[in-house]
Amino acid sequence: MKTHILIVISLIIFQLSFGQNADELNQQSKELVKQGKYNEAFPLLKKSAELGNAEAQYNLGYFLQNGVSGTKDEEEAVEWYRKSSDNGFNDGHYAMMMAYGNGQGIEQNSEKAFEYALKCANNNDATCMWNIVNCYMTGNGVKADISKFKEWLIKLAKLPNPENLALSGNITSARLELANFYRNGKYFEKDNYQSYLWYLIYNESKIDFGILKQEETIKEIKELEKSLSKKQIEKAPKDAEILLGRKLYKVSELYKNSL
């Protein structure tokens, strides 16, 4: 009995050290990467990946896909991306989506690309969510479904804007699309008030767009306001906050450009 307990304890200790070693190796490899010491980072990264660290598995895939340390193997890169994804790492999901979508290191497969995009989108990744929106609209990799297209578009539009401009741009684009869809009665029943609410929400991060696009949108907003009552315009900011689920801070800048 004592022997059995000792074996169990030993296994637990081994498993804990196994995970710790993988994490330590991954951290060491990242520190070397920051210093530009890619060749020194590679063996540590590989060992961490082999021990099961999901981030290291993704980074190893990136190294191999791009030949960062001199060794380039796109097929092996995909296998490491797959392991990373299987371990729940979001960048692994994203990498597999791109690999299947572009046929890079693996045979192109739009259905598989969609499967990984959905995993990534379920983690609120704005780029993957944008891809899901387009897939449901066009039927690329999945059966076209306007109901799900609208559901994901709204979900994307309600995300907070991150500092990353590319991700933020996808979110703000979704908001502007909703404003236009409601204004023109495309995909959604025509509703000028709902359109106005989404313009107010878009306004929170319109810096994601160039000046010319901002100017064009300001004209659209002013024109849309002609179809609304004074009471609707006054209550719109509060209703937009309810729709978004958080406070708006830039309503007073609705007619100004963000530089």
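## Helix 3 and its surroundings

In this predicted model, helix 3 has these buried residues: A54, A56, Q57, Y58, N59, L60, G61, F63, L64 and Q65. That makes ten of its 13 residues, so the helix is largely enclosed by the rest of the structure. The length of helix 3 also holds up to a simple check: at 1.5 Å a residue, its 13 residues should span 18 Å, and the end C-alpha atoms are 19 Å apart, which agrees.

Both ends of helix 3 offer something to look at. At the start, N53 places a side-chain oxygen within 3.1 Å of the backbone nitrogen of E55. After the helix comes G67, and its phi is positive, near 60 degrees.

## A link from helix 3 to helix 1

Side chains of opposite charge can pair when their charged atoms come close. E55 and K30 form such a salt bridge, with 3.2 Å between the closest N and O atoms. This pair joins distant parts of the chain, since E55 sits in helix 3 (residues 54-66) and K30 in helix 1 (residues 2-34), 25 residues apart.

How accessible is E55? E55 has a relative accessibility of 24%, so it counts as partly exposed. K30 counts as partly exposed too, at 26%.

## L45 in helix 2

L45 belongs to helix 2 (residues 38-50). Its relative accessible area is 2%, so L45 is buried. Setting aside residues up to four places away in sequence, L45 touches N26, S29, A56, N59, L60 and F63. Several names on that list will be familiar from helix 3, where A56, N59, L60 and F63 are among the buried residues.

N26 deserves a second look as a partner of L45. The two are 19 residues apart in sequence, yet their C-alpha atoms are 5.8 Å apart in space.

## M97 in helix 5

Further along the chain, M97 is found in helix 5 (residues 90-102). Is M97 buried or exposed? With a relative accessible area of 6%, M97 is buried.

Which residues does M97 contact, leaving aside its neighbours within four places in sequence? They are A113, Y116, A117, C128 and N131. The C-alpha atoms of M97 and F114 are separated by 6.8 Å, and these two residues are 17 apart along the chain.

## The largest nonpolar core

The largest nonpolar core contains 61 residues, and L153 and Y196 have the most contacts inside it. Helix 10 (residues 192-202) is the top contributor to this core, giving eight residues.

If you would like one residue to center your view on, try Y196. Beyond its neighbours within four places in sequence, Y196 is in contact with I221, L224, E225, L228, I233, A236, L254 and Y255.

## Other salt bridges

The count of salt bridges comes to nine. One of them pairs K235 with D239, at 2.6 Å from N to O. Both residues lie in helix 12 (residues 230-244), four residues apart, or about one turn of the helix. K235 has a relative accessibility of 37% and so counts as partly exposed.

Another salt bridge joins E223 and K226, whose closest N and O atoms are 3.2 Å apart. E223 counts as partly exposed at 46% relative accessibility, whereas K226 is exposed at 65%. The dividing value here is 50%, and exposed means over it.

Methods: Residues numbered from 1 in each chain as written. Predicted model: local features only at pLDDT ≥ 70, side-chain atom pairs only at ≥ 80, totals over all residues. Heavy atoms only, no water. Salt bridge = Lys/Arg side-chain N within 4 Å of Asp/Glu carboxyl O. Helix = DSSP H or I, 4+ residues; strand = E, 2+ residues; numbered from the N terminus. Buried < 20%, exposed > 50% of the residue type's maximum accessible area, 1.4 Å probe, protein only. Core = buried A, V, L, I, M, F, W, Y, C linked by side-chain atoms within 4.5 Å. Contact = heavy atoms within 4.5 Å. Expected span 1.5 Å × (residues − 1). Polar contact = N/O pair within 3.5 Å; in protein donor to acceptor, adjacent residues only side chain to side chain.
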